[in-house]
Amino acid sequence: MFMRLASFAYAFSMALAIILIHLTTQEKSPLLFVIASALIAIIWFNIINYRRLLHLYRVAYQQLRSVLIINLIIAIQWMATFYGAKYAIPFRLLLVGFIIPVIFSNLVLTKQNKKQWFYFFINLLLTIFIILTMHNLVGIICAILAGSLSYCYRKYCFSIMHKKIFSKLDILCLRNYGLLLIALLAYCLYRVPLTMTWSVIPVLITIPLLTFVLPIYFNQLGINNSGSERHSVIASLTPTIAIILSLLFGIENVSTLSLIIAFIAGIVLILQNLRW
């Protein structure tokens, strides 16, 4: 159980992160926070891994294909996450984005346990139902993209760490260059207005640390400790945590239907967790 604490920490920190992104991007472009988040993450993780940097980037050059794949996945996943958080209600975005990886995990685990078919269909029905209640097409597309690529990232990273090519901290150092590059290109191409004042700077530092650095650290640690399949299932507790946080802080009006869906999703996930 202790080995899986990182996965639970990720679920809580990600729920809080999406709510903060949703609130801060209502009046400001998500692109501003994407650029700040990618830049701070690159600096932060390279600083704490400074002893290995020379060796790390030498190996990264030799494993350029793997590094490019990781960066491409992360770039699309997090662009979708930030824009999805702006246009969708956090609970619905997280429900779709986090149950999709569990659906993939259910399919993989059916080879070991035929009961996974039951969880697969329940999770699939929940996802379809919540998509039908989302009225913003951008939010729907972003949620599906983010969830699918999240699973791809976990699988790919776990295979790399299993081969001992990179450590979890190495991957965190390397993974955000593509995101920063794509965000900067988007700014240059579309000339998105980025209003900058001195009062915005503390927000641009604090929000990325809370919404980007902490969640991706716990995500990477959770993949390493729990394995990609179990981490996917634990991580899907995030929507339930998000709706609880929304109620506690009065961030949004939560309908009875949303509470029922959150309760059903939580029960299904607990039943899956019990078998571990």
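Here are some exercises with worked solutions on a predicted model of a single chain.

**Exercise 1. Get the overall picture: how many helices and strands does the chain have, and what share of its residues count as buried?**

Step 1: Start with the elements. You'll find 13 helices and zero strands. Reading along the sequence gives the pattern α-α-α-α-α-α-α-α-α-α-α-α-α.

Step 2: Now the burial. The chain has 276 residues, and 54% of them count as buried.

Step 3: Turn to the outside. The accessible surface adds up to about 13400 Å², with 72% of that belonging to carbon and sulfur atoms.

Step 4: Finish with the contacts. Take those in the chain with a separation of 6 or more: 87% of them come from residues 24 or more positions apart.

**Exercise 2. Work out which residues of helix H3 are buried and which are exposed.**

Step 1: Helix H3 covers residues 53–62, and its buried residues are Leu56, Val59 and Ala60.

Step 2: Check how these three sit around the axis. They span an arc of only 105°, so they share the same side of H3.

Step 3: Look at the other side of H3. Leu54, Tyr61 and Gln62 are exposed there.

Step 4: Ask what the buried residues of H3 pack against. Their partners are helix H4 (64–87) and helix H8 (168–174).

**Exercise 3. Find the salt bridge: which side chains meet in it, and which parts does it tie together?**

Step 1: Searching the whole structure turns up one salt bridge.

Step 2: The side chains are those of Asp170 and Arg52, at 2.5 Å from N to O.

Step 3: Place the partners. Asp170 belongs to helix H8, while Arg52 is in the loop between helix H2 (30–48) and H3, so the pair ties together parts that are 118 residues apart in sequence.

Step 4: Compare their surroundings. Buried means under 20% relative accessible area. Asp170 has 0% relative accessibility, so it counts as buried. Arg52 comes out at 34%, so it counts as partly exposed.

**Exercise 4. Explore the largest nonpolar core and the contacts of Phe166.**

Step 1: The largest nonpolar core has 71 residues, and those with the most contacts inside it are Trp78, Tyr153, Phe166 and Leu179.

Step 2: Which helix gives the most to this core? That's H2, with eleven residues.

Step 3: Zoom in on Phe166, leaving aside its neighbours within four places in sequence. Phe166 is in contact with Leu56, Val59, Ala60, Gln63, Val67, Ile160, Met161, Ile171 and Leu174. You've already met some of these names: Leu56, Val59 and Ala60 are the buried residues of H3.

**Exercise 5. Go to the surface and describe the nonpolar patch.**

Step 1: The patch takes up about 640 Å² and is made by Phe104, Leu107, Trp117, Phe121, Leu124, Ile128 and Leu132.

Step 2: Sort out where the residues come from. Helix H5 (90–109) and helix H6 (116–132) are the elements that give two or more residues to the patch. H6 supplies the largest share, five residues.

Step 3: Pick an example from each helix. Phe104 lies in helix H5, and its 33% relative accessibility is why it counts as partly exposed. Phe121 is in helix H6, and because its relative accessibility is 46%, it counts as partly exposed.

Step 4: Now try a distance. Phe121 and Asn106 are 15 residues apart along the chain, and their C-alpha atoms are separated by 9.2 Å.

**Exercise 6. Decide whether Ser246 is buried or exposed, and find its separation from Pro90.**

Step 1: Ser246 lies in helix H12, which runs over residues 238–249.

Step 2: Use the accessibility. Ser246 stands at 1%, so it counts as buried.

Step 3: Add the distance. The C-alpha atoms of Ser246 and Pro90 are separated by 8.8 Å, with the two residues 156 apart along the chain.

Terms used: Residues are numbered from 1 along each chain as its sequence is written. This is a predicted model: local features need pLDDT of at least 70, side-chain atom pairs count only at pLDDT 80 or more; totals for chains, interfaces and linings use all residues. Side-chain values use heavy atoms; hydrogens and water are left out. Patches are made of residues with over 30% relative accessible area and no salt bridge: like charges are joined within 9 Å, nonpolar side chains (Val, Leu, Ile, Met, Phe, Trp, Tyr) within 5 Å. Accessible areas come from the Shrake-Rupley method with a 1.4 Å probe; for residues, only the protein chains shown count as cover. A salt bridge is a side-chain nitrogen of Lys or Arg within 4 Å of a carboxyl oxygen of Asp or Glu. Helices (H or I, at least four residues) and strands (E, at least two) are DSSP runs, numbered from the N terminus. Buried means under 20% relative accessible area, exposed over 50%, partly exposed in between (1.4 Å probe, protein chains only). The arc is that of the directions from the helix axis to the C-beta atoms. Contact means heavy atoms within 4.5 Å. A nonpolar core is a set of buried Ala, Val, Leu, Ile, Met, Phe, Trp, Tyr and Cys residues joined through side-chain atoms within 4.5 Å.
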